[in-house]
Amino acid sequence: MIPTRVFLVGCPRSGTTLLQSILASHPSILSFPESHFFSCLLPNKISKFFNKPSTLGAKRLKEFLEEIGSTKEVSDITFQNYSTKNYVDFFVSLLDEVALNSKKSVWIEKTPRHLQYLNQVDRFISNVKVIHILRNGKDVVASMYEATHNYPDKWGGCARSIDECIVRWKKDIKRSLRCSSKPNHYLIRYEDLVASPEQVVEKICHFVEIDYCYEMLNAFSERSSKLILVSEDWKDVGASIVNKGHAKYHKIFSSVEKAYIDKKLQRFLKEYSF
């Protein structure tokens, strides 16, 4: 069994891929392309509430096995009458096996949307730690708005409106903040990561219980190419860690749109002190 299992979550466009690439550059850590496991296993509110698995779970596991190059075979018969716990146990044992075969002591699963399934993550997985990354609302709204308009087919076939981007960011920030007091959850800010990467990454390593390795901040760009699938062509972590100072926000939104977004975000910030 792997000593430490880590889920990396956050609102989409918050820097999860950048942080994943940095952490995956550690010699003791193995990470994977986004699995979307829980969102396929429990795709709606009813299935989440009753922990009733969907048949999409088995389908997604097969696809994931292909994406990570595993030779393990999965039969539909294997999953007949499976409970949610059985599915999760299978998924976790798969990641454990791949990590052990790669001689790694930590694996990281990074699917931003798993932020919505943390009750199941905490309930069904032992030795699990969760890292949350939170980013300024202006930057997330701008990046999500741009990505969904440029690649709508990759986002459920629907470009998001400004209001939809704002609502998604607010909901996800609330989800992370509710976990701030849990000992196996660790919250970081994207702005702190890009301002002081070494200090932030050292603290994360301490949380994960591994030694900090300076190579993590030098090899992340190369590592990202192995984590981003060909179908995820909107993702790009870049070659350096830079805070662009709301550049995209100012570029794509008009002055009227920015005034509207600012007003919406300020109300939230006052209420939650984020």
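Strands E4 and E5 run parallel and are joined by five bridges. They belong to a predicted model, and they make a handy place to start looking around. Both sit in an open sheet of five strands, ordered E2-E3-E1-E4-E5, with parallel pairing. From there we can visit the helix H5, the nonpolar cores and a few individual residues.

**The sheet as a whole**

- E2 and E5 (185-189) stand at the edges of the sheet with a single partner strand each, so one side of each has no neighbour in the sheet.
- On average, neighbouring strands are turned by 25° against each other, direction ignored.
- Helix H5 packs on this sheet, where it touches E1, E2 and E3. The direction of H5 makes about 130° with that of E3.

**How the strands line up**

- At the E4-E5 pairing, Val130 has His185 in E5 as its bridge partner. Further along, Leu134 is matched with Arg189 in E5.
- E1 is joined to E4 by five bridges, and the two run parallel. Here Arg5 has Val128 in E4 as its bridge partner.
- E1 also pairs with E3, again in the parallel sense and over five bridges. In this pairing, Thr4 stands opposite Val106 in E3.
- E2 (residues 29-31) runs parallel to E3, with three bridges between them. Val106 in E3 turns up here too, as the bridge partner of Ile29.

**Two covered strands: E3 and E4**

- In a regular strand the side chains alternate between the two faces of the sheet.
- In E3, Val106, Ile108 and Lys110 point one way, while Trp107 and Glu109 point the other way. All of these residues are buried.
- With five of its five residues buried, E3 (residues 106-110) is therefore largely enclosed by the rest of the structure.
- E4 is mostly covered as well, with seven of its seven residues buried.
- In E4, Val128, Val130, His132 and Leu134 point one way, and Lys129, Ile131 and Ile133 point the other. Buried residues are found on both sides of E4.

**Helix H5**

- H5 has 18 residues, which at 1.5 Å a residue should span 26 Å. Its end C-alpha atoms are 26 Å apart, in agreement with that expectation.
- The buried residues of H5 are Thr84, Tyr87, Val88, Phe90, Phe91, Val92, Leu94, Leu95, Asp96 and Ala99.
- An α-helix has 3.6 residues a turn, so residues three or four places apart point the same way.
- The cover over the buried residues of H5 includes the strands E1, E2 and E3 and the helices H2, H4 and H6.
- Lys103 follows H5 and has a positive phi, near 60°.

**The nonpolar cores**

- The largest nonpolar core has 31 residues. Those with the most contacts inside this core are Phe7, Phe37, Phe38, Val88, Trp107, Val121 and Ile125.
- Two or more residues each come from strand E1 (4-9), helix H2 (37-41), helix H4 (56-67), helix H5 (84-101), helix H6 (118-124) and strand E4 (128-134).
- H5 gives the largest share of this core, with eight residues.
- Val121 shows how distant parts of the sequence come together: leaving aside its neighbours within four places, Val121 is in contact with Phe7, Phe38, Val128 and Val130.
- Another core, of 27 residues, lies apart from the largest one. Its members include Ile29, Leu193, Val194 and Val208.

**Buried residues to look up**

- Asp172 lies in helix H8 (residues 162-177). Its relative accessibility is 2%, so Asp172 counts as buried.
- Beyond its neighbours within four places in sequence, Asp172 is in contact with Cys11, Pro12 and Leu115.
- Cys165 is buried, with a relative accessible area of 0%. Cys179 is buried too, at 5%.
- Why does Cys165 form no bond with Cys11? The sulfur of Cys11 is the closest cysteine sulfur to that of Cys165, but the 8.6 Å between them is too far for a bond.
- A disulfide needs two cysteine sulfur atoms within 2.5 Å, and by this rule the count comes to zero disulfides.

Key. Residues are numbered from 1 along each chain as its sequence is written. This is a predicted model: local features need pLDDT of at least 70, side-chain atom pairs count only at pLDDT 80 or more; totals for chains, interfaces and linings use all residues. Side-chain values use heavy atoms; hydrogens and water are left out. Buried means under 20% relative accessible area, exposed over 50%, partly exposed in between (1.4 Å probe, protein chains only). A nonpolar core is a set of buried Ala, Val, Leu, Ile, Met, Phe, Trp, Tyr and Cys residues joined through side-chain atoms within 4.5 Å. Helices (H or I, at least four residues) and strands (E, at least two) are DSSP runs, numbered from the N terminus. Contact means heavy atoms within 4.5 Å. Two strands pair if DSSP finds at least two bridges between them. The expected span of a helix is 1.5 Å times one less than its number of residues. Axes are lines fitted to C-alpha atoms, for helices over the stretch in contact, and angles run from 0 to 180 degrees between N-to-C directions.
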